[in-house]
Amino acid sequence: MSEKKQPSVWDGFKAFLTRGNVVDLAVAVVIGAAFTNIVNSVVKGVINPLVGAFGTKDLDKYSSCLKAPCTVEEDGTVTSGIPIMWGTVLSATLTFVITAAVVYFLMVLPMSKYLARVAARQKAKEGAQEVIEVSELEVLKEIRDALVAQRGSGHDER
């Protein structure tokens with residue numbers, strides 16, 4: 001009746017923390033937070049002025065009124081009506097698309113190309129090793145055949 005001891009919650013937590021993925025995830029979150037500031041600056045400093053050439057300077061000011069009359073204070077407080085702030089959604093969508101594009105083109109695509117090259121080199125190395133092993137096997141077979149032939153000819157001479 002030996003009962004297997006269940007690992008404690010603390011042991012599971014320590015195992016979780018010591019995995020490499022947790023550290024990688026923490027680094028990614030910190031870099032992502034810093035990167036978000038850059039993307040927000042690009043949207044507010046470059047995209048919004050470009051859109052401002054066709055309308056208001058700030059995308060957040062674009063809205064539609066669901067129930068008139070709509071009045072919104074400068075701080076964003078709605079005093080009357082039901083405004084739909086679609087400019088804010090558009091700004092967030094642009095930020096997301098820019099972030100996704102930069103992450104894909106600067107991180108994911110180069111890393112996948114690098115991993116493909118590493119895999120191709122590894123496959124080529126394994127193929128070369130297999131050729132060497134096959135050629136060694138052929139040499140050993142030839143030696144065996146020569147020894148068998150030599151023994152066979154040696155028995156005939158006696």
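Here's a quick briefing on a disulfide and a nonpolar surface patch. Keep in mind that the model is a predicted one. A search through the whole structure turns up one disulfide, and Cys65 and Cys70 are the pair that forms it. Elsewhere in this briefing, the topic is a nonpolar surface patch of about 780 Å², with α3 giving the largest share of its residues.

**The disulfide**
- The sulfur atoms of Cys65 and Cys70 sit 1.9 Å apart.
- Turn about the S-S bond of Cys65 and Cys70 and you get a torsion of about 85 degrees, so this disulfide is right-handed.
- Cys65 has a relative accessibility of 39%, so it counts as partly exposed.
- Cys70 comes in at a relative accessible area of 27%, and that makes it partly exposed too, because partly exposed covers the range between 20% and 50%.

**The nonpolar patch**
- Eight names make up the roster: Val23, Val27, Ile31, Tyr104, Phe105, Leu106, Met107 and Val108.
- Two elements, α2 (20–52) and α3 (86–157), each give two or more residues to this patch.
- Helix α3 supplies five residues, the largest share.

**A closer look at Leu106**
- Leu106 is one of the patch residues, and its place is in helix α3.
- Is Leu106 buried or exposed? At 62% relative accessibility, Leu106 counts as exposed, because the cut-off for exposed is over 50%.

Terms used
Residues numbered from 1 in each chain as written. Predicted model: local features only at pLDDT ≥ 70, side-chain atom pairs only at ≥ 80, totals over all residues. Heavy atoms only, no water. Disulfide = S-S within 2.5 Å. Buried < 20%, exposed > 50% of the residue type's maximum accessible area, 1.4 Å probe, protein only. Patch = residues over 30% accessible without salt bridge, like charges linked within 9 Å, V, L, I, M, F, W, Y side chains within 5 Å. Areas by Shrake-Rupley, 256 points an atom, 1.4 Å probe, with all protein chains shown as cover. Salt bridge = Lys/Arg side-chain N within 4 Å of Asp/Glu carboxyl O. Helix = DSSP H or I, 4+ residues; strand = E, 2+ residues; numbered from the N terminus.
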